[in-house]
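Got your viewer open? Load the model, switch to a cartoon view, and let's walk through it one selection at a time.

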Amino acid sequence: MGTDMDGAIEVRPAAGGWEVAIDLPHFQLGRDHDAWNALFGVSGTERLERPLFAGRGLPDDVSEPVRENGVEDYQHSHTYATWAEVAAVDWDAPLADRPAWHWAGQWLPDVDGELVLHHVVPATTDLGEAAADTFGGDLLLAPSEWPTGGEVRLEGVVYRPVVLTARMLAPPDEERWARVWTTMRDFAAEYGDGNVRLVVWFG
């Protein structure tokens, strides 16, 4: 068995407390451990110093349905974010202070022949072996161990270390999470940016 995410989008009318507007399972987000890591500091292969909305617990004024459904013994890592906070996120800000151990950037030439970042991908064993061949040594070299400015060429692709951002691991315009953010934005148009929030937990 693996970890699952649960939660809800809550809204707060002008007169009254928080109430559930839509349950998070409605969006069928699945198990996206890297997005969970970037957004909430849960799971994922990489240690991030600054996930966006980690470790806040349940809000004190959480709606009663969320309080009833989210406090079982096996549930953990409760946290939340208002739409005002989500809307203010710099998706390109670094989430760590050093290049990633398990990830590398794939750089490919654009139409002008200039190398541009194309994808961020998991660092494979083959890439580690190529790094060892490039920089010397018998061990597999993770991207964070490459020399400053170092790059590795493998099967016609240039690989460079990357400092991870939320956009790399949880793109805000990717279909699944984009539906969550769009729904929150639409509710915010009615209730106000600070009166819409996402509450999540894991178990």
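**Start with helix 6**

In helix 6, select Trp-177, Ala-178, Val-180, Trp-181, Thr-183, Met-184 and Ala-188: these residues are buried. Keep in mind as you click around that this is a predicted model.

What covers those buried residues? The cover includes strand 1, strand 2, helix 1, strand 3, helix 3 (83-87) and strand 8.

Now show the whole of helix 6, residues 175-191, which lies across strand 1, strand 2, strand 3 and strand 8 and runs at about 145° to strand 8. Helix 6 has 17 residues and spans 24 Å from its first C-alpha to its last, close to the 24 Å expected at 1.5 Å a residue. Step just past its end and you land on Gly-192, with a positive phi of about 105°.

**Onto the sheet**

Next, colour the strands that helix 6 lies across. They form an open sheet of four strands in the order 2-1-8-3, with antiparallel pairing. At the edges sit strand 2 (19-23) and strand 3 (76-82), each pairing on one side only. Neighbouring strands here are turned by 25° against each other on average, direction ignored.

Zoom in on strand 1 (residues 5-11) and strand 8 (residues 196-202), an antiparallel pair joined over seven bridges. Click Asp-6, and you'll find Trp-201 of strand 8 opposite.

**Over to helix 1**

Select residues 33-40. This is helix 1, packed on the sheet, where it touches strand 1, strand 3 and strand 8; its direction makes about 125° with that of strand 8. Six of its eight residues are buried, so helix 1 is largely enclosed by the rest of the structure. Pick them out: Ala-35, Trp-36, Asn-37, Ala-38, Leu-39 and Phe-40. They pack against strand 1, strand 3, helix 5 (166-169), helix 6 and strand 8. Following helix 1 is Gly-41, with a positive phi near 70°.

**Into the cores**

Which residues have the most contacts inside the largest nonpolar core? Show Met-5, Phe-40, Trp-177, Val-180, Trp-181, Met-184 and Leu-198, part of a core of 37 residues. Strand 1, helix 1, helix 3, helix 5, helix 6 and strand 8 each give two or more residues to this core.

Centre on Met-5 for a closer look. Leaving aside neighbours within four places in sequence, Met-5 is in contact with Leu-24, Leu-29, Trp-36, Phe-40, Trp-177, Val-200, Trp-201 and Phe-202.

For the last stop, select Val-121, Ala-130, Leu-141 and Val-157, which are among the ten residues of a second, separate core.

Terms used. Residues are numbered from 1 along each chain as its sequence is written. This is a predicted model: local features need pLDDT of at least 70, side-chain atom pairs count only at pLDDT 80 or more; totals for chains, interfaces and linings use all residues. Side-chain values use heavy atoms; hydrogens and water are left out. Two strands pair if DSSP finds at least two bridges between them. Axes are lines fitted to C-alpha atoms, for helices over the stretch in contact, and angles run from 0 to 180 degrees between N-to-C directions. Contact means heavy atoms within 4.5 Å. Buried means under 20% relative accessible area, exposed over 50%, partly exposed in between (1.4 Å probe, protein chains only). The expected span of a helix is 1.5 Å times one less than its number of residues. A nonpolar core is a set of buried Ala, Val, Leu, Ile, Met, Phe, Trp, Tyr and Cys residues joined through side-chain atoms within 4.5 Å.
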